[in-house]
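Reader: I would like a close look at one part of this model, followed outward into its surroundings. Please take your time over it.

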Amino acid sequence: MRYSGFKVLKEALTGHRGWQPAWRDPAPKSHYDIIVVGGGGHGLATAYYLAKVFSKSSVAVLEKGWIGGGNVGRNTTIIRSNYLLDGNEPFYEFSMKLWEGLEQDFNFNAMISQRGVLNLCHTDAQRDAFRRRGNAMRLNGVDAELLDTEGVRKMAPFLNFDSARFPIKGGLLQPRGGTVRHDAVAWGYARGADSRGVDIIQNCEVTGFRIENGKCLGVETTRGFVGAGKVGVAVAGSSGRVMAMAGINRLPIESHVLQAFVSEGLKPIIPGVITYGAGHFYVSQSDKGGLVFGGDIDGYNSYAQRGNLPVVEDVCEGGMSLMPMIGRARLLRMWGGIMDMSMDGSPIIDSTDVDGLYFNGGWCYGGFKATPASGWCFAHLLATDRPHETATAYRFDRFRKGLMIDEKGMGAQPNLH
Amino acid sequence: MIIPHPLLGPRDSQEFTYLGDANLIDRPDWQAEDAVDRFHDYLYLRDNPAGEHKELWFHEQGDRSWLVVTRNTLTHEIISAELARDVARTRGRSK
């Protein structure tokens with residue numbers, strides 16, 4: 001079933017009786033060529049591109065709960081490719097290009113809205129750093145614009161420009177950045193994968209890996225053993241727990257909790273995504289009108305999917321300092337998600353020491369924007385056993401070799417990335 | 001989270017900064033044959049358990065002591081706190 005304006009009109013006139021489930025609910029088969037563990041954004045995208053780009057017909061996605069119930073439904077929906085380092089920027093730009101064609105590609109309305117991502121700077125040094133980053137982006141063919149105070153004022157006149165402590169000196173704008181309806185990304189990929197023959201198996205928790213002579217033969221699940229030629233694990237947030245079942249007990253990853261917030265619905269006011277350069281606060285406005293905002297991770301290891309009040313206070317203080325107008329808006333909801341915080345703040349898409357077992361994780365708190373490229377690159381690795389050209393740097397051994405991709409220059413302290 | 005400081009009693013976790021896994025106390029011997037491997041593991045690999053976790057907290061806004069806090073990463077419940085100095089000494093450090 002293809003979705004179209006005509007289909008919506010037809011269904012509206014015939015009592016909406018012709019809609020069908022967007023994907024099947026198959027029982028697991030005894031064997032697949034490729035199993036993807038984790039039915040989040042990255043896992044579903046991986047399955048989608050395996051089927052579509054790499055023509056794999058025997059693929060399953062195993063999800064312990066329901067698809068899209070984890071971080072793909074918990075993030076703040078921002079897409080951007082404003083990275084500095086060579087290991088990252090081509091990958092995230094690849095992702096951005098995939099976002100730009102995604103809705104037509106999988107025939108699903110993901111409400112992709114390229115309204116711009118604006119990073120504010122408050123000191124001369126910060127502006128210099130942004131100029132450098134903007135130039136690095138442009139060298140990679142990415143759009144970047146350095147705005148002065150007046151340029152920012154034109155876009156967002158409501159900001160607190162005259163703050164004595166943190167005056168707004170300008171900002172780095174990526175006009176092609178923006179937001180996407182995150183649930184629709186999971187559903188679109190699921191529907192696209194399912195229609196190409198991928199089995200999406202929900203409520204099927206992986207409880208172990210069957211590994212013989214150093215080769216992964218399949219996974220034990222709550223719905224029985226499922227054999228596989230190759231297994232790809234895409235469970236960021238729970239990477240440590242899942243990989244431990246395969247005997248890989250120690251990863252260059254800590255799990256941390258990141259909180260996000262949404263206010264009551266307000267009239268349109270925030271033009272795109274705005275990030276505060278002097279505190280932990282970034283904000284966009286959803287199509288329903290709610291201000292969607294967040295800050296930094298809580299900063300201690302956690303698997304709890306909920307954070308603590310000090311960070312709530314810190315984020316709200318940042319918001320009040322940047323745009324005092326939001327002081328009267330009421331907070332509607334807040335929630336937490338578990339992040340794979342890696343040792344250099346960059347992800348890992350790589351094979352493992354176990355033959356036939358592949359890993360995708362360590363997305364820190366930037367996994368959502370990477371969803372399409374992560375899926376494509378992981379599918380590339382699973383299908384061809386070679387890393388995709390934009391993901392060659394995302395290897396496990398980069399720590400041993402001193403090839404870290406440390407965007408923030410924080411070193412091996414995950415809670416600072 | 002309230003951290004039961006062994007010297008100062010219950011203190012708000014906001015007064016502390018967090019470093020990470022308490023195994024960071026066990027710095028490898030730089031003269032060992034396999035020092036490169038051991039330092040790689042020490043610096044970059046973590047147990048990252050879901051459940052009880054021993055970790056280093058620094059009482060930056062307080063008496064500036066390092067604590068080893070045992071905390072449950074699934075519930076955020078803090079089970080105990082001891083001075084990192086004492087922990088290091090019982091492991092044979094700084095004798």
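Reader: In β5(B), which residue is the bridge partner of B:Trp57?

Author: The bridge partner of B:Trp57 in β5(B) is B:Leu67. Before going further, please note that this is a predicted model, in which local features need pLDDT of at least 70 and side-chain atom pairs count only at pLDDT 80 or more, while totals for chains, interfaces and linings use all residues. Residues are numbered from 1 along each chain as its sequence is written, chains are lettered from A and ligands numbered from 1 in the order in which they are written, and side-chain values use heavy atoms, with hydrogens and water left out.

The two strands concerned, β4 (residues 52-58) and β5 (residues 66-72) of chain B, run antiparallel and are joined by 7 bridges; strands here are DSSP runs of E with at least two residues, helices are runs of H or I with at least four, and both are numbered from the N terminus, while two strands pair if DSSP finds at least two bridges between them. Both belong to an open sheet of 4 strands in chain B, ordered β3-β4-β5-β6, with antiparallel pairing. At its edges stand β3 (17-21) and β6 (78-83) of chain B, each of which pairs on one side only. Direction ignored, neighbouring strands of this sheet are turned by 30° against each other on average, the axes being lines fitted to C-alpha atoms, for helices over the stretch in contact, with angles from 0 to 180 degrees between N-to-C directions.

As for confidence, expressed as pLDDT, the predictor's score for each residue from 0 to 100, chain B averages 95, and 99% of the residues score at least 70. Among the elements of chain B, β5(B) has the highest mean pLDDT (98), and helix α2 (residues 84-90) of chain B the lowest (94).

Chain A offers a second sheet to set beside this one: 8 strands form an open sheet in the order β5-β6-β4-β13-β14-β15-β12-β16, with mixed pairing. Because β5 (145-148) and β16 (331-342) of chain A each have a single partner strand, one side of each is left without a neighbour in the sheet. The twist from one strand to the next averages 25°. Within this sheet, β13 (residues 273-275) and β14 (residues 282-285) of chain A pair in the antiparallel sense over 2 bridges, and A:Thr275 stands opposite A:Tyr282 in β14(A).

Helices also pack on this sheet. Helix α8 (residues 309-322) of chain A touches β4, β12 (253-265), β13, β15 (290-301) and β16 of chain A, and its direction makes about 135° with that of β15(A); contact means heavy atoms within 4.5 Å. Helix α4 (residues 124-139) of chain A lies across β4 (117-121), β5 and β6 (170-174) of chain A, running at about 150° to β4(A).

Elsewhere in chain A, helix α6 (residues 182-195) is mostly covered, with 11 of its 14 residues buried, where buried means under 20% relative accessible area, exposed over 50% and partly exposed in between, using a 1.4 Å probe and protein chains only. Its buried residues include A:His182, A:Tyr189 and A:Arg191, and what covers them includes α2, α3 (89-106), β8 (199-201) and α9 (371-384) of chain A. Just after α6(A), A:Gly197 takes a positive phi of about 100°. Helix α2 (residues 41-52) of chain A has 11 of its 12 residues buried, so it is largely enclosed by the rest of the structure.
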